[in-house]
Amino acid sequence: VREVQTENSVQQKMQMATSLEHGLYVHHAGYKEPIFVPDSAFLRLPQVLQLIPVGKSTWWRGVASGRFPRGYRLGHNTTMWRVSAIRQLLSQLSNGE
């Protein structure tokens, strides 16, 4: 059921997360307004899932299958993704790829 909602949700999330040439605006806990994050920055999974409307299990299956970008392991329980990779994924999803 959640997969069916993905296309419409991606378009809504794209409006929320305004893509720019060299970064992305994301909503972050503790801030009323979205904050700008440059392409060279990293996002943790909860931030990624605010932008990509799938559950954790679906996200990790997508990473394993190559549909979603692989993250950078920073520790045993810490994986992060570059903003540039997430921007590229949002662009692909909004173009129907």
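This report describes the fold, the sheet, the aromatic cluster and selected side chains of a predicted model.

## Overall architecture

The chain of this predicted model contains four helices and six strands. Read from the N terminus, the elements follow the order α-β-β-β-β-α-α-β-β-α.

Of the 97 residues of the chain, 35% count as buried. The exposed surface of the chain amounts to about 6,300 Å², and carbon and sulfur atoms supply 50% of it. Among the contacts with a separation of 6 or more, 51% come from residues 24 or more positions apart.

## The three-stranded sheet

An open sheet is built from three strands in the order β4-β6-β5, with antiparallel pairing. Strands β4 (42-44) and β5 (72-75) stand at the edges and have a single partner strand each, so one side of each lacks a neighbour in the sheet. On average, neighbouring strands of this sheet are turned by 40 degrees against each other, direction ignored.

Helix α4, residues 83-94, packs on the sheet and touches β4 and β6. The direction of α4 makes about 65 degrees with that of β6.

## Strand pairings

Strand β6 covers residues 78-82 and pairs with β5 in the antiparallel sense over three bridges. The two strands form a hairpin, with two residues between β5 and β6. Within this pairing, Thr78 in β6 stands opposite Gly75.

Strand β6 also pairs with β4, in the antiparallel sense and over three bridges. Here Leu43 has Trp81 in β6 as its bridge partner.

## Aromatic pairs

The structure holds four aromatic pairs. In one of them, the rings of Trp59 and Phe68 have centres 4.5 Å apart and planes at 10 degrees. Planes under 30 degrees apart count as stacked, so the Trp59 and Phe68 pair is stacked. Both Trp59 and Phe68 are buried.

Another pair consists of Trp60 and Trp81, whose ring centres are 5.6 Å apart and whose planes stand at 50 degrees, so this pair is tilted. Trp60 belongs to helix α3 (residues 56-65) and Trp81 to strand β6, so the pair ties together parts that are 21 residues apart in sequence. Trp60 has a relative accessible area of 39% and is therefore partly exposed, whereas Trp81 counts as buried because its relative accessibility is 0%. Ring pairs link Trp59, Trp60, Phe68 and Trp81 into a cluster.

## Side chains of helix α3

Besides Trp60, helix α3 holds Thr58 and Ser65. Thr58 counts as buried, with a relative accessibility of 17%; the cut-off for this class is under 20%. The side chain of Thr58 is joined to that of Arg61 by a polar contact of 3.2 Å.

Ser65 has a relative accessibility of 57% and counts as exposed. Its side chain reaches the backbone oxygen of Gly62 at 3.2 Å.

## Thr79 in strand β6

Thr79 is found in strand β6. With a relative accessible area of 12%, Thr79 is buried.

Leaving aside neighbours within four places in sequence, Thr79 is in contact with Leu43, Arg44, Leu45, Trp60, Gly71, Tyr72 and Arg73. One of these contacts is with Trp60, a residue of helix α3 and a member of the aromatic cluster. Another is with Leu43, the bridge partner of Trp81.

## Summary of strand β6

Strand β6 takes part in both of the pairings described above, with β5 and with β4, and stands between them in the sheet order. Helix α4 touches β6. Two buried residues have been described in this strand: Thr79, with a relative accessible area of 12%, and Trp81, at 0% relative accessibility. Trp81 serves as bridge partner of Leu43 and forms a tilted ring pair with Trp60.

Note on methods:
Residues numbered from 1 in each chain as written. Predicted model: local features only at pLDDT ≥ 70, side-chain atom pairs only at ≥ 80, totals over all residues. Heavy atoms only, no water. Buried < 20%, exposed > 50% of the residue type's maximum accessible area, 1.4 Å probe, protein only. Contact = heavy atoms within 4.5 Å. Areas by Shrake-Rupley, 256 points an atom, 1.4 Å probe, with all protein chains shown as cover. Pairing = 2+ DSSP bridges. Axes fitted to C-alpha atoms, helices over the stretch in contact; angles between N-to-C directions. Phe/Tyr/Trp six-rings, centres within 6.5 Å; stacked < 30°, edge-to-face > 60°. Polar contact = N/O pair within 3.5 Å; in protein donor to acceptor, adjacent residues only side chain to side chain.
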